[in-house]
Amino acid sequence: MSNFDFSPLYRTVVGFDRLASLIDTATRLDGVQGYPPYNIEQSTDDENAYAIELAVAGFGDDDLDLEVKEGQLIVIGKKDGGAENRKFLHRGIAERGFIRRFQLADHVVVSGAHLKNGLLRIELKRELPEAMKPRKIAIGGEQSHKVIDARKASAA
């Protein structure tokens, strides 16, 4: 995999340093992050609701840590090493420690998480501020004139 130098982008673009950092981070991923496997799902009922499911067989609530830091969801799995005193004839369940990172989009928050049947389900919700939500604008009529008059009054 070839590496790209994004330093010229940092020098010429103002206010997009986070975007450049995301691109830089994405290019550094080596593709080895295959464990644990996961699904990302969008709700059929609510277009602003998402879920991440991770297959964490052998991990309990105490073995898993979730953290949101700087727009990134970090899932950490730690095993205490209790398998040393066990004798395996075949070991197909990995149960090894892991760190899995997910970059969250702007205004996406973690609304909950639960572990059931070896699947860790993390609920996500996109919560747009009122200023960013779509709104209807009236065309013509008295209402348009009132908006313009209110702006003139506040400027005076």
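**Close-up 1. Arg121 and Glu53 form a salt bridge.** In this predicted model, the closest N and O atoms of the two residues sit 3.0 Å apart. Arg121 belongs to strand β7 (residues 119-126) and Glu53 to strand β2 (residues 49-55), so their pairing ties together parts of the chain that are 68 residues apart in sequence. Are these two partners buried or exposed? Both Arg121 and Glu53 turn out to be buried.

**Close-up 2. Arg121 also meets Glu123 in a salt bridge.** Here the N to O distance is 2.6 Å. Arg121 has a relative accessibility of 19%, and it counts as buried because the cut-off for that label is under 20%. Glu123, at 25%, counts as partly exposed. Now zoom out a little: which residues do salt bridges with shared partners join into one network? They are Glu41, Glu53, Arg121 and Glu123.

**Close-up 3. Lys79 pairs with Asp63 in a salt bridge.** The closest N and O atoms are 3.5 Å apart in this one. Both residues come from loops: Lys79 is in the loop between β4 (72-77) and β5 (98-103), while Asp63 is in the loop between β2 and β3 (64-69). The pair links distant parts of the chain, 16 residues apart. Lys79 is partly exposed, with 31% relative accessibility, whereas Asp63 is buried, with a relative accessible area of 18%.

**The wider view: how many salt bridges does the count give?** The count comes to 6 salt bridges, including Arg121 with Glu53, Arg121 with Glu123 and Lys79 with Asp63. As a rule of thumb, side chains with opposite charges can pair up when their charged atoms come close.

Methods:
Residues numbered from 1 in each chain as written. Predicted model: local features only at pLDDT ≥ 70, side-chain atom pairs only at ≥ 80, totals over all residues. Heavy atoms only, no water. Salt bridge = Lys/Arg side-chain N within 4 Å of Asp/Glu carboxyl O. Helix = DSSP H or I, 4+ residues; strand = E, 2+ residues; numbered from the N terminus. Buried < 20%, exposed > 50% of the residue type's maximum accessible area, 1.4 Å probe, protein only.
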